[in-house]
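Got your viewer open? Good: load the model, turn on the cartoon view and get ready to click along.

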Amino acid sequence: GQVLTSGGSSTHPSWTTIASGNTFTAVAYGAIANNKAVKIRTDGKVEEVTMTKTAAAPSLGSNSSESLSTSDNDGIIWNVTTHDPDANCAITYFRGDDGDISFTNLSIGASSGEIGTRNQTKVKIDSSTEGEITEYRQNWSACYDTTNNKHVAFWRSNSDDKIRCKVGTMSGTTLSFANLGVVVNENCSTIHAIFDPGTGRILLVYRRSADGSPHAIVGSYNSGSGGYDWGTAVEVQNVSLSDDCIAVKASTTTGEYLILWGTQANNYIQSKIATISSSANSVTLGTMREVIGSTFKYIDAAYDTNANRILIIGYSSTRPTVGRIKKRTDNDGFEPDGSLFQLSTTDPSKDLGIIYSAHASRCYAWWRNPSNSNLAAFNWIANTTGTPTKGTEAGLGSITTLDNNSLGRAAYHEASGNFLYGYDYRNNNRAYFVSVTTTTNSSNITSGHHYVGYADQAYTNGQTATIKTYGNTVTTLS
């Protein structure tokens with residue numbers, strides 16, 4: 001066969017005969033990696049075929065929903081989801097039928113983020129009286145330790161209101177828990193756990209029941225015992241908090257987080273930077289800064305790496321509202337960055353969430369919309385400096401008729417940019433799990449016949465590349 005090759009602006013194109021080895025040569029347009037597919041350009045040069053993720057409105061993929069149980073009236077309402085990229089599974093934690101802390105384990109596509117089959121359904125983490133929890137939201141939390149490949153579930157035990165935990169180990173796609181331990185040996189509530197991969201430690205924040213103040217404690221995995229060792233709990237602020245106490249990544253600095261809480265007196269949002277030690281189970285606290293000075297409840301937060309800002313979603317004036325905050329110039333805490341802005345005119349009550357997609361370089365928020373069949377409403381927020389840009393509020397078709405207080409904490413799927421979470425469908429009182437996309441894929445190859453083969457080695461821009469046209473079974477798009 002032959003390939004038509006451009007002669008440039010002053011010479012007619014000419015036909016080049018492909019060598020007997022089913023290869024041909026052409027000038028590389030841009031860098032081409034070894035064994036990558038290439039396409040022919042209109043100027044006769046060859047270019048690596050690439051696939052690019054582009055930010056998009058949230059949507060559901062082809063395999064985007066699965067029930068968390070096998071029957072209606074399953075009793076699952078609020079839930080917490082984590083993602084295990086090593087086993088390609090998502091784990092959703094909730095209060096089970098008998099009041100015990102339980103989970104469902106689902107397979108997740110390694111690169112697509114789409115939902116596969118349920119591997120385990122409504123499994124109790126602890127069947128003793130110490131494993132019983134109340135239905136109230138935020139009485140349990142969970143995280144995945146990527147350093148040690150361990151799942152850690154936390155809950156406030158009904159037996160004595162102390163915070164307990166168990167450590168989960170994945171074998172294939174089967175998760176089992178052991179090593180019941182007490183994390184905080186006093187009455188507590190409103191807990192939130194987050195794993196820091198930079199230090200390999202867990203930060204747990206909670207409300208101390210005795211005086212209502214926010215506290216923090218740090219723990220790390222002990223390979224000898226199979227459990228977690230915990231440092232000394234510290235009071236974050238001498239103030240009585242309301243329903244909210246969470247932690248969120250504060251910057252790209254290793255171990256730096258922001259603890260956020262709502263005050264009991266007026267539901268204002270206060271904060272402190274918390275820096276986790278890389279050598280001990282301890283945390284250093286900064287100066288308290290008020291970041292939202294008006295009534296703001298049921299919060300969730302996300303750190304926008306692209307804009308270096310934190311977005312806080314909450315319930316304000318009966319509307320889903322977002323506050324944007326930034327680090328102060330002296331680096332000692334955060335401050336408001338612009339005014340609060342509403343996402344909708346609906347009243348979501350406690351059902352609110354937000355997450356950052358690194359692939360889309362923007363945040364995605366969701367809430368329950370009672371004025372429209374209680375569906376889950378979504379929007380995106382481009383968190384650049386100046387006035388934030390948001391998309392158009394929209395619902396996703398299958399996520400309708402949500403029960404009150406049923407939108408739990410979501411997990412982020414790093415490979416795809418999807419976010420994963422569960423909800424309760426009011427019509428049959430059955431919980432479901434969804435994978436919501438934040439990007440679309442686009443390729444620089446506009447027609448199949450432009451594909452001509454793959455490179456036999458790496459080439460730089462302008463080099464003469466040898467392209468193989470035979471034996472190509474690779475799918476190595478960039």
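Here is a tour that starts with the whole chain and then goes from stop to stop.

**Before you click**

Keep in mind that this is a predicted model, where local features need pLDDT of at least 70, side-chain atom pairs count only at pLDDT 80 or more, and totals for chains, interfaces and linings use all residues. Residues are numbered from 1 along each chain as its sequence is written, and side-chain values use heavy atoms, with hydrogens and water left out.

**Stop 1: the whole chain**

Color by secondary structure. How many helices and strands are there in the chain? You should find 0 helices and 39 strands. Both kinds of element are DSSP runs numbered from the N terminus (helices are H or I with at least four residues, strands are E with at least two).

Now zoom out. Along the principal axes, the C-alpha atoms fill a box of roughly 85 × 50 × 45 Å. The radius of gyration is 26 Å, which agrees with the value near 23 Å for a compact globule of 478 residues. That radius is taken over C-alpha atoms, and the globule rule is 2.2 Å times the number of residues to the power 0.38.

Buried residues make up 52% of the chain. Buried means under 20% relative accessible area, exposed means over 50%, and partly exposed is in between (1.4 Å probe, protein chains only).

**Stop 2: an open sheet**

Select residues 23-27 and 46-48. These are β3 and β5, the edge strands, and each pairs on one side only. They belong to an open sheet of 5 strands in the order β3-β39-β38-β4-β5, with antiparallel pairing. Two strands pair if DSSP finds at least two bridges between them. Neighbouring strands of this sheet are turned by 45° against each other on average, direction ignored; the axes are lines fitted to C-alpha atoms, for helices over the stretch in contact, and angles run from 0 to 180 degrees between N-to-C directions.

Next, add β39 (residues 464-468), which pairs with β3 over 5 bridges. Click Thr25 to find its bridge partner in β39, Thr466.

Move on to β4 (residues 37-40). Are its faces covered or open? Both are covered: Ala37 and Lys39 on one side and Val38 and Ile40 on the other are all buried. β4 is joined by 3 bridges to β38 (residues 451-455), where Tyr454 stands opposite Ala37. Another 3 bridges join β4 to β5, and here Val38 has Glu48 as its bridge partner. The hairpin of β4 and β5 has 5 residues between the strands, and Gly44 takes a positive phi near 90°.

**Stop 3: a buried serine**

Jump to Ser157, in the loop between β12 (150-156) and β13 (163-171). Is Ser157 buried or exposed? Ser157 is buried, because its relative accessible area is 0%. A polar atom of the Ser157 side chain lies 2.9 Å from the backbone oxygen of Glu130. Beyond its neighbours within four places in sequence, Ser157 is in contact (heavy atoms within 4.5 Å) with residues including Thr129, Glu132 and Arg164.

**Stop 4: two hairpins on β27**

Show residues 309-327. Strands β26 (residues 309-316) and β27 (residues 319-327) run antiparallel and are joined by 7 bridges, with Gly314 opposite Thr321. There are 2 residues between the strands of this hairpin, and Ser317 in the turn has a positive phi of about 50°.

Extend the selection to β28 (residues 334-336), joined to β27 by 3 bridges. The hairpin of β27 and β28 has 6 residues between the strands, and Asn331 takes a positive phi near 65°.

**Stop 5: the largest nonpolar core**

Show side chains for Trp366, Phe378, Ile399, Phe419, Tyr421, Tyr423 and Val436. In the largest nonpolar core, which has 19 residues, these touch the most other members. A nonpolar core is a set of buried Ala, Val, Leu, Ile, Met, Phe, Trp, Tyr and Cys residues joined through side-chain atoms within 4.5 Å. Strand β32 (375-382) is one of the suppliers, and gives the most, with 4 residues.

Click Tyr421: among its contacts are Trp366, Phe378, Ile399 and Val436. Apart from this core lies another, of 18 residues, among them Cys143, Ile163, Leu204 and Tyr228.

**Last stop: a buried glycine**

Finish on Gly422 in strand β36 (residues 419-425), which counts as buried at 0% relative accessibility. Gly422 and Gly408 are 14 residues apart in sequence and 6.4 Å apart in space, C-alpha to C-alpha.

Conventions: Polar contact = N/O pair within 3.5 Å; in protein donor to acceptor, adjacent residues only side chain to side chain.
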